[in-house]
Amino acid sequence: TTTTTTTTSPFTGLCSGPDCGCSTSCQTCEINAGVPGDCTVCKDAQYLLNGECIDACPSGFVPQGAGNFNLRCVEAEQCLGRTADPSGSACSCNTDCHSCYWFEDVAYDCFRCKNAQVLFEGECIDSCPAGFTQTGSGNFGLECVANRRRSVLSAASSQTDEATVVSSRVSSLSLLATVSMLAGVVLIAGVGVLVVRKQRRHRRSSKNVQQQSSDSDESESDETATMV
């Protein structure tokens, strides 16, 4: 008799849905011999980049897609003046921007301003907002950077907050210890009062017994005297 055993190979291919074991925020991923691999479609408003789902596209990449599903980051060209690098095609950045990221004839974040405008978070603006200082000189390549004083104050504020939390915890522990000590003192005092009261009751009881015994002896003496 010949027995034939059929072995089912682990699944390999694309898998979509909650039962695939894909990473968080990944709708569809590659499965290699039953093991989840790179993501191919993201969900939850995440962007696909190099097989992973991320919150936002990094510098040099631009977001593509709409809504919360199947968004992705694609590498953009750099529009330098009027020429796209590396394709060499014609391009044009937004007003007051000299160099920007360029993809499919659309200008994205600026990374170098002109006309005395200052670069801040991918845009060219007239002056830096509060907490930031302008760097550079002339009318080209100006940028906004965070104030050093602001950073120092932020760090100091953080340390102060931590010290306040520690102090609050210490105060709470001290208060708890004080309350516990007072509770112990009250308990001991209460026990002492009970002991004193018990001792007084015992003394009164003893005096009553002695008084009754004395009255009984006097009564017997009177009866004896009467019989005589």
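Select Phe 132 first: at 25% relative accessibility this residue counts as partly exposed, a class that lies between buried (under 20% relative accessible area) and exposed (over 50%), computed with a 1.4 Å probe and protein chains only. The model is predicted, so local features need pLDDT of at least 70 and side-chain atom pairs count only at pLDDT 80 or more, whereas totals for chains, interfaces and linings use all residues. Residues are numbered from 1 along each chain as its sequence is written, and side-chain values use heavy atoms, with hydrogens and water left out.

Next, add Phe 120, which is buried, with a relative accessible area of 18%. Two aromatic pairs are present in the structure; rings of Phe, Tyr and Trp (its six-membered ring) pair if their centres lie within 6.5 Å, and planes under 30 degrees apart count as stacked, over 60 as edge-to-face and the rest as tilted. Phe 120 and Phe 132 form an edge-to-face pair, 5.0 Å centre to centre with 75° between the planes. Because Phe 120 belongs to strand β12 (residues 118–120) and Phe 132 to strand β14 (residues 132–135), the pair ties together parts twelve residues apart in sequence. Strands are DSSP runs of E with at least two residues, helices are runs of H or I with at least four, and both are numbered from the N terminus.

Move to Tyr 101 and Phe 111. Their ring centres are 5.0 Å apart and their planes stand at 45°, so this pair is tilted. Tyr 101 is in strand β10 (residues 97–103) and Phe 111 in strand β11, ten residues apart. Tyr 101 counts as buried at 13% relative accessibility, while Phe 111, at 27%, counts as partly exposed.

Keep β11 displayed and select Cys 57, Pro 58, Ser 59, Phe 61 and Asp 109, which lie nearest the centre of the largest pocket among its 14 lining residues. A pocket is an open set of points on a 1 Å grid over the protein atoms alone where a 1.4 Å probe fits, with protein on both sides within 12 Å along at least five of seven lines; lining residues have an atom within 4 Å of a point. The volume of the largest pocket is about 200 Å³, taken as the space filled by probe spheres set on the points. β11 gives the most to the lining, with four residues.

Finally, display the whole chain, which has one helix and 15 strands. Of its 228 residues, 21% count as buried.
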